[in-house]
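Let's take a walk through this structure together, starting with the empty spaces inside and moving on to the parts that pack around them. Keep the model open beside you as you read.

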Amino acid sequence: MDFENARFNLVEQQIRPWDVLDPKVLDLLFHVKREDFVPDDKRTLAFVDTELPLINGHKMLQPKVEARLVQDLGLKPEDKVLEIGTGSGHVTALLASLSRHVYSVDLDPVMKEMAAKNLKKAGISNATLVEGNGVDGYAAQAPFDAILVGGSLPVVPDSLKQQLAVGGRMILVVGDEPVMTTKLIERESETVFRETNLFEICIPRLAHSEAVEPERFSF
């Protein structure tokens with residue numbers, strides 16, 4: 001398979017049409033090799049417009065969704081970033097390439113080990129992988145300039161909002177199937193947050209997100 005031609009087609013036919021136009025992000029997609037972050041038997045599927053299963057039963061997001069979330073986070077080189085849900089480490093690598101340091105939290109020690117190997121192979125040295133429940137964030141390194149949540153949640157967790165630095169922003173997908181909304185949360189002061197709806201999309205639920213499930217009415 002011609003991986004470089006597949007990568008070019010991925011960027012031009014899938015990612016650009018999804019309003020991913022930031023040249024820094026587009027250029028990065030040619031340097032962070034997505035096929036190196038998928039299971040070995042899925043390498044030829046790394047450029048397909050679909051969610052790819054990982055070894056623990058969870059899924060990598062579609063390439064265009066990964067790219068859009070990273071772009072809309074608006075990272076700066078000096079940013080300290082929190083990622084919730086490490087997965088295979090592909091988004092971690094993208095975030096680390098655009099920021100000062102990434103702290104990535106995942107519940108699964110097997111995925112953490114796999115991601116660590118993938119990141120080392122990709123030459124990423126400014127990412128720290130943490131085993132834990134990402135809904136709780138990572139208070140030991142808070143506050144963060146940017147937070148990205150890699151799975152959907154029923155509501156915006158206050159625990160994550162409070163770990164944003166003033167001037168910081170968080171992107172996450174909120175809601176229940178069949179309607180979920182990508183939200184940008186910006187912390188304007190110690191007590192004021194601004195919330196903007198970006199686009200609608202359904203992605204898999206973040207593992208063990210029960211702690212933030214709202215009360216449901218039953219009839």
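In this predicted model, the count of cavities of 30 Å³ or more comes to one. That cavity holds about 80 Å³ of space. To find its walls, select Leu10, Ile15, Leu29, Val32, Arg34, Pro63, Glu66, Ala67, His90 and Leu94, the residues that line it. The elements that contribute two or more residues to this lining are α1 (3-15), α3 and α4, and α3 gives the most, with three residues. By character, the lining divides into seven nonpolar residues, one polar and two charged.

Now turn from the closed space to the open one. The largest pocket contains about 560 Å³ of space. Its lining is made up of 34 residues, and Lys59, Gly85, Gly87, Asp106 and Gly150 are the ones that lie nearest its centre. Two or more lining residues come from each of β2 (59-60), α3 (63-73), β3 (80-84), α4 (90-98) and β4 (101-106). Here too you will meet α3, which supplies the largest share of the pocket lining, three residues. The chemistry of this lining splits into 14 nonpolar, 14 polar and six charged residues.

One of the strands on that list, β3, deserves a visit of its own. How many of the residues of β3 are buried? Five of its five are, and the strand is mostly covered. In a regular strand, side chains alternate between the two faces of the sheet. You can follow this along β3: Lys80, Leu82 and Ile84 point one way, while Val81 and Glu83 point the other way, and all are buried. Beside this strand runs its partner β4, and the two pair in the parallel sense over five bridges. If you want a spot to look at, Glu83 stands opposite Ser104 in β4.

Ser104 also leads us to the next stop, since Thr128 touches it, along with His101, Val102 and Tyr103, leaving out residues up to four places away in sequence. Thr128 sits in strand β5 (residues 127-131). Is Thr128 buried, partly exposed or exposed? Thr128 counts as partly exposed because its relative accessibility is 29%, and the partly exposed class lies between the 20% and 50% cut-offs. For a sense of distance, Thr128 and Leu107 are 21 residues apart in sequence, and their C-alpha atoms are 14 Å apart in space.

Finally, let's look at how the nonpolar side chains gather. The largest nonpolar core has 46 residues, and Leu95 and Leu148 are those with the most contacts inside it. Two or more of the core residues come from each of α1, α2 (23-31), α3, α4, α5 (109-121), β6 (144-149), β7 (164-176) and β8 (179-187). The largest share, six residues, is supplied by α4. Which residues does Leu95 contact, once its neighbours within four places in sequence are set aside? They are Val70, Leu73, Leu75, Val81, Glu83, Val102 and Leu148. You may recognise Val81 and Glu83 from β3, where they point the same way. Apart from this core lies another, of 17 residues, including Ile84, Val105, Leu153 and Leu160. Ile84 is likewise a familiar name: in β3, it points the other way from Val81 and Glu83.

How values were computed. Residues are numbered from 1 along each chain as its sequence is written. This is a predicted model: local features need pLDDT of at least 70, side-chain atom pairs count only at pLDDT 80 or more; totals for chains, interfaces and linings use all residues. Side-chain values use heavy atoms; hydrogens and water are left out. On a 1 Å grid over the protein atoms alone, a cavity is a set of points where a 1.4 Å probe fits but cannot get out, and a pocket is an open set with protein on both sides within 12 Å along at least five of seven lines; lining residues have an atom within 4 Å of a point. Grid points are joined across faces, edges and corners, and a volume is the space filled by probe spheres set on the points. Helices (H or I, at least four residues) and strands (E, at least two) are DSSP runs, numbered from the N terminus. Ala, Val, Leu, Ile, Met, Phe, Trp, Tyr, Cys and Pro count as nonpolar, Asp, Glu, Lys and Arg as charged, and the others, Gly among them, as polar. A nonpolar core is a set of buried Ala, Val, Leu, Ile, Met, Phe, Trp, Tyr and Cys residues joined through side-chain atoms within 4.5 Å. Buried means under 20% relative accessible area, exposed over 50%, partly exposed in between (1.4 Å probe, protein chains only). Contact means heavy atoms within 4.5 Å. Two strands pair if DSSP finds at least two bridges between them.
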